[in-house]
Amino acid sequence: MNKSKEAIVVIGLLLAIPLPIRAAEAPQNLAVLEAPSAVPAISFMDAAGQPKTLADYSGKVVLLNIWATWCAPCRKEMPTLDRLQARLGGPDFEVVALSMDQKGPDAVKKFYADIGITHLALNIDTSAKAIFALSAVGLPTTLLINRDGKEIGRLIGPAEWDAPDMVDFIRGRIAAK
């Protein structure tokens with residue numbers, strides 16, 4: 001066989017090798033960590049004023065989104081987080097939208113009502129201590145946390161959380177028990 005025919009055969013063989021499915025690739029600007037990293041303990045309140053921590057979600061894959069009602073990019077991405085929770089939320093996955101609003105839960109409740117957020121629970125840290133504990137450099141900041149409570153990915157800035165590539169990627173993390 002001459003060199004050009006050999007090259008064509010090699011290229012054909014390479015093309016026949018299946019590529020990883022899209023869900024295995026990090027979507028948009030999500031930075032996936034080489035090794036899972038410990039997440040500092042943070043505490044916050046739910047809509048009823050009851051204390052919560054990330055340990056309350058133990059055993060679930062968690063998408064922790066740190067946001068505020070006054071943050072324009074946060075406001076834009078909240079409906080995508082709400083749709084993601086509606087689509088994937090359940091015993092294995094939870095979007096935890098953590099508001100940094102100092103005006104308290106009423107400001108968040110009004111915001112949720114104004115833009116039609118119906119699937120996200122209200123969580124709030126009026127002290128904003130979580131921002132510093134999690135080394136968030138701005139709002140929104142989102143951490144993808146595995147079932148063991150370790151960070152496996154981070155996205156700084158807004159994202160389309162219900163985009164097909166993002167949903168596929170998160171589904172892959174949920175399926176990785």
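Cys-71 is buried in this predicted model, with a relative accessible area of 6%. Cys-71 forms a disulfide with Cys-74, and a search of the whole structure finds one such bond. Further points concern the surroundings of Lys-60 and the backbone geometry at Ala-128, Ser-135 and Pro-140.

**Disulfide**
- The sulfur atoms of Cys-71 and Cys-74 lie 2.3 Å apart.
- The torsion about the S-S bond of Cys-71 and Cys-74 is about 75 degrees, so the disulfide is right-handed.
- Cys-74 is buried, with a relative accessible area of 0%.

**Lys-60**
- Lys-60 is placed in the loop between β3 (51-53) and β4 (61-67).
- Because its relative accessible area is 18%, under the 20% cut-off, Lys-60 counts as buried.
- A polar contact of 2.9 Å links the side chain of Lys-60 to the side chain of Glu-94.
- Beyond its neighbours within four places in sequence, Lys-60 is in contact with Gly-90, Pro-91, Asp-92, Phe-93, Glu-94, Ile-145, Asn-146 and Arg-147.

**Backbone geometry**
- Most residues other than glycine have a negative phi, and most peptide bonds are trans.
- Ala-128, although not a glycine, has a positive phi of about 60 degrees; this residue lies in the loop between β6 (123-124) and α4.
- Ala-128 is buried, with a relative accessible area of 12%.
- Ser-135, also not a glycine, has a positive phi of about 55 degrees and is found in the loop between α4 and β7.
- Ser-135 is exposed, with a relative accessible area of 52%.
- Leu-139 and Pro-140 are joined by a cis peptide bond with omega of about -10 degrees, and Pro-140 lies in the loop between α4 (129-133) and β7 (141-145).

Notes. Residues are numbered from 1 along each chain as its sequence is written. This is a predicted model: local features need pLDDT of at least 70, side-chain atom pairs count only at pLDDT 80 or more; totals for chains, interfaces and linings use all residues. Side-chain values use heavy atoms; hydrogens and water are left out. Helices (H or I, at least four residues) and strands (E, at least two) are DSSP runs, numbered from the N terminus. Buried means under 20% relative accessible area, exposed over 50%, partly exposed in between (1.4 Å probe, protein chains only). A polar contact is a pair of N or O atoms within 3.5 Å; within protein, one must be able to donate a hydrogen and the other to accept it, and residues adjacent in sequence count only if both atoms are side-chain atoms. Contact means heavy atoms within 4.5 Å. A disulfide is a pair of cysteine sulfur atoms within 2.5 Å.
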